[in-house]
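Hi there,

I'm handing over the structure we talked about, so please find it just below. After it come some notes on what turned up.

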Amino acid sequence: MERFTIKPEVYFKVGALEYLTTIDKEKALVITDPFMMQVGFTDQVLDVLRNTVSDLDVFSNIKPDPPIEVVADGIEQMLKIRPDVVIALGGGSTIDAAKSILWFYEKIVKRQEGQLEQKPLFIAIPTTSGTGSEVTSFAVITMGDQKIPLVSDELIPDVAIIDPTFVKTVPPQITADTAIDALTHAIEAFVSTQASDYTDALAEKAAKMIFDYLLTSYKEGNNIQAREKLHNASCLAGMAFTNAYLGINHSMAHALGGAFHIPHGRANAILLPFVIRYNAFCNDGTETRAARRYAELAKVLGLPATTICEGVNNLIAAVKVLLLETHTPTSLKELNIAKETFIQKLDSMSEAALNDRCTTTNPRQTNKEEIAVLFMVAFGE
Ligand code: NAD
């Protein structure tokens, strides 16, 4: 028996923020980052909330790749305020931090008081088009040098607001990094060992929309139609991978992010062509399931794929073109990482990637040695 589920109610299009006028709550906590305060997005949300909620608080200390210490501060704030609605406004880091804060908060209250009378309504408003965190059962937090993915259905928000107004300010390079993160979600979900007809439909559509709208969003940040499509694509990719899970592209990106603090999307983007080639393994003539799946996706994307190998190679080429057009580095050495430092951390990164939850659904069985070789190939000579 297999299972497919989508939990959040999704409100989308320009103006979707109006959903907030329909909630009947008393105390709200908005969890966000300093940039959202600075550009006025937090005020925009508070202004709408004022129509219905009397007591409003803001926790605005979220940092990228949220450290456990920030999550602990957020839990303290939650315990003081005891809100009945929590709104996460920001990129994946903010939404993941809010998920973790709520999750630990609920456990603490239940332990201290025996029960939590009312679980707060949890609303996520993504301001990047990338992680899909607003609909997923994942949250990634950072402990020291390690990014730890938490996985539980309890982490999934109740409501997602996909309003492209909030992504118009994303600068070109973050637009590219985050969208290629979403593309990686779609591709990894499509080739995952847990892929199904349901997740394929979402992954195919998401990948197609990203190829169709990323470059326009990158070049014309104010193009609201392109932004809307990319924002929807990121959410669809999130729905795909929260059900089909991911693969070693993400495992390796988590390890790299922990060791070198590389933006998550950028790490995924650099690894993607190398991971597709490794998983497909079509150069020795072996026709793997993964190779067939990549070629199938290439066909869906309108790329020539008369043979499996041609499809895989064209998918890799199409990803590389996206990287080049968006001035995204194509090897890890371009990130100014010293080779000696990279080699020093290679063993621990490979170990972390192998043990990462995402590795279990990778289409090719792997081991620490092969992951280390793949890291070195992606580093470049
Ligand atoms: P992010 O949230 O870390 O934000 C990156 C930068 O973009 C920050 O400086 C932020 O202030 C800025 N930013 C955000 N919105 C902006 C806007 N509208 N305009 C201008 N700047 C803006 O980036 P992200 O890629 O969205 O999230 C990455 C995190 O999410 C990583 O920790 C990653 O591991 C995690 N992640 C989670 C999931 C999941 O399912 N939960 C999936 C993939 C990745």
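A salt bridge here is a side-chain nitrogen of Lys or Arg within 4 Å of a carboxyl oxygen of Asp or Glu. E228 and K13 fit that description, with their side chains meeting at 3.0 Å, N to O. Please keep in mind that this is a predicted model.

Now for the wider setting. The chain has two parts, domain 1 (9–167) and domain 2 (172–379). Taken over C-alpha atoms, their centres lie 27 Å apart. Where the domains touch, 27 residues of domain 1 are in contact with 28 residues of domain 2.

Together, domain 1 and domain 2 bury about 2300 Å² between them, and carbon and sulfur atoms give 62% of that area. On the domain 1 side, S129, F138 and K147 are worth finding in the viewer: they supply 24% of the area that domain 1 buries against domain 2, more than any other three residues.

As for polar links, the count between the two domains is one salt bridge. There are also eight residue pairs in polar contact between domain 1 and domain 2, counting pairs with both residues at pLDDT 80 or more.

Which elements give two or more residues to the side of domain 1 that touches domain 2? They are strand 1 (9–12), strand 6 (138–143) and strand 7 (146–151). Strand 7 gives the most, with four residues. By class, that side of domain 1 has 12 nonpolar, nine polar and six charged residues.

Happy exploring!

Methods
Residues numbered from 1 in each chain as written. Predicted model: local features only at pLDDT ≥ 70, side-chain atom pairs only at ≥ 80, totals over all residues. Heavy atoms only, no water. Domains from an automatic or database assignment. Contact = heavy atoms within 4.5 Å. Buried area = accessible area lost by both parts, 1.4 Å probe. Polar contact = N/O pair within 3.5 Å; in protein donor to acceptor, adjacent residues only side chain to side chain. Nonpolar A, V, L, I, M, F, W, Y, C, P; charged D, E, K, R; others polar.
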